[in-house]
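Student: I'd like to take a close look at a single part of this structure. Could you pick one helix and walk me through it?

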Amino acid sequence: MTIEVLMPALSPTMTEGKLAKWHKQEGDEVAAGDIIAEIETDKATMEVEAVDEGRLGKILVEEGTEGVPVNQAIAVLLEEGEDESALKSAGGKKQPEAKSDASNEKPAPKDSGEAQESASSDEKAAAAEKSGAAQPASQPAAPPAPKGADGERIFASPLARRMAEQAGLDLASLKGSGPKGRIVKADIDAALSGGEKQPEAAAAPSAPQAAAAPAAPTPAGPGAKQLADMLGMAHTQEPLSGMRRTIAKRLSESKQQVPHFYLTVDCELDTLLATRKQLNERTDGETKISVNDFVIRAAALALKQVPAANASYDEGGMLFYEHADISVAVATPNGLITPIVKQAEGKGLATIAREMKDLAGRARENKLKPEEYQGGTFSVSNLGMFGVKQFDAIINPPQGCILAIGAGEQRAVVKEGALAIATVMSCTLSVDHRVVDGAVGAEFLAAFKKLIEDPLSMLL
């Protein structure tokens, strides 16, 4: 029986991707765990491992194809003993190339987080176990099939078995949600997070709601290109990248659905700049602490002092986070991405500086892993290096706040009734009013300002 290799969902928000490169060619043997392709998502390029074994019979989507929907078949594997004739019954013709034009896009199938894991049937796995046939020496052996206390085989996908082995989970204690009770990746993820996977039927009621959602209103006037063509305005047009399309969608939703309000505070930087200079003189020359590193550290410590600001809104109830995972906006050639300094409240300035240098470098090379830019609890966006005095940032859902940092500049200030000169930085907190009230936002900014103006307190 042929096995379809499907376009995987590599992040919770992914609906389509670009097949950047094939690492296997038609006729090549494939073992579970082999890298078979590279998929370019809206934020990064990821390697895809095979979860089944066989021979690559047909490639259905060529390299460079964009807009391939999640769960669409991209290749067909042949099982042991099968030849190319089996491809006819499997519909082994190349599918039309996916189009990246937004007007031709169709809704992606529901993402189960395990796009490829249900391809192998339990009957095949049982037969392979009975035969005890050894794999060719050139292929890495798949992990042995686990058994329960009663000696019966526990059906689990190769990826789920490998994840369970790495995490030290007993598969016998898990209940599978795949076909015929098969344990799949989502079951392992649920066990590691301490939750339970909801049955597929539970998600069904949301489908009618999505179908009943009103269509987006038709723009009142012509689009930008149509207007430019009508007026004879000289222009060039570039196709939207996956990242740019995602940025446009998410930020539009944020401004439309999240009730923003803004709070601004001015922080004096002279003491911080002097402290930064002293710290950098004591380093080995490789680690340079920036003002932004102080900002990240101060934001994390302020969130620990005002935990009500480290929260997200959810229809089921407010979420309050234990750690301050700070998302930091980084500009790349393809658009904005926010790598995360996790548990920043427990990291020193030098550690934060090294992590940010690594994360920012890999972000610009499109090499971040999904877990490195998804799941932050609070964001920081700094445009001070571009000379921007003050700005209001758009909240990155589901986070409740984002802190916009302006440039430090010399300004006239009043100290003890007399005019003086100080280096001042304007910081604006954008707040989701469903999560954080004005008093809580002000309390956070007061804690942040105190830390910035007394940087030695960050070192305690």
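What follows is a look at one helix and its packing, with a short glance at a sheet.

Tutor: Happy to! Please keep in mind that this is a predicted model. Let's take helix α10, which covers residues 291-305. Its 15 residues reach 21 Å from the first C-alpha to the last, close to the 21 Å expected at 1.5 Å a residue.

Now for its surroundings. α10 is mostly covered, with 12 of its 15 residues buried. The buried ones run from Asn-292, Asp-293, Phe-294, Val-295, Ile-296 and Arg-297 on to Ala-298, Ala-299, Ala-300, Leu-301, Ala-302 and Leu-303.

One partner of α10 is helix α11, residues 349-364. The two pack at an angle of about 115 degrees, their axes 9 Å apart, and α10 passes α11 in a right-handed crossing. On the α10 side, the contact is made by Asp-293, Phe-294, Ile-296 and Arg-297; α11 contributes Leu-349, Ile-352, Ala-353 and Met-356. Six of the residues in this contact are nonpolar, two are charged and none is polar. The α10 residues named here, Asp-293, Phe-294, Ile-296 and Arg-297, also appear among the buried ones.

For a wider view, there is also an open sheet of six strands, ordered β9-β18-β17-β16-β12-β15 with mixed pairing. Its edge strands are β9 (260-268) and β15 (340-341), each pairing on one side only. Within the sheet, β17 (residues 401-415) and β18 (residues 418-432) run antiparallel and are joined by 13 bridges. Gly-408, for instance, has Met-425 in β18 as its bridge partner.

Definitions and conventions
Residues are numbered from 1 along each chain as its sequence is written. This is a predicted model: local features need pLDDT of at least 70, side-chain atom pairs count only at pLDDT 80 or more; totals for chains, interfaces and linings use all residues. Side-chain values use heavy atoms; hydrogens and water are left out. Helices (H or I, at least four residues) and strands (E, at least two) are DSSP runs, numbered from the N terminus. The expected span of a helix is 1.5 Å times one less than its number of residues. Buried means under 20% relative accessible area, exposed over 50%, partly exposed in between (1.4 Å probe, protein chains only). Two strands pair if DSSP finds at least two bridges between them. Axes are lines fitted to C-alpha atoms, for helices over the stretch in contact, and angles run from 0 to 180 degrees between N-to-C directions. A crossing is left-handed if the near helix is turned anticlockwise from the far one by less than a right angle, and right-handed if clockwise. Contact means heavy atoms within 4.5 Å. Ala, Val, Leu, Ile, Met, Phe, Trp, Tyr, Cys and Pro count as nonpolar, Asp, Glu, Lys and Arg as charged, and the others, Gly among them, as polar.
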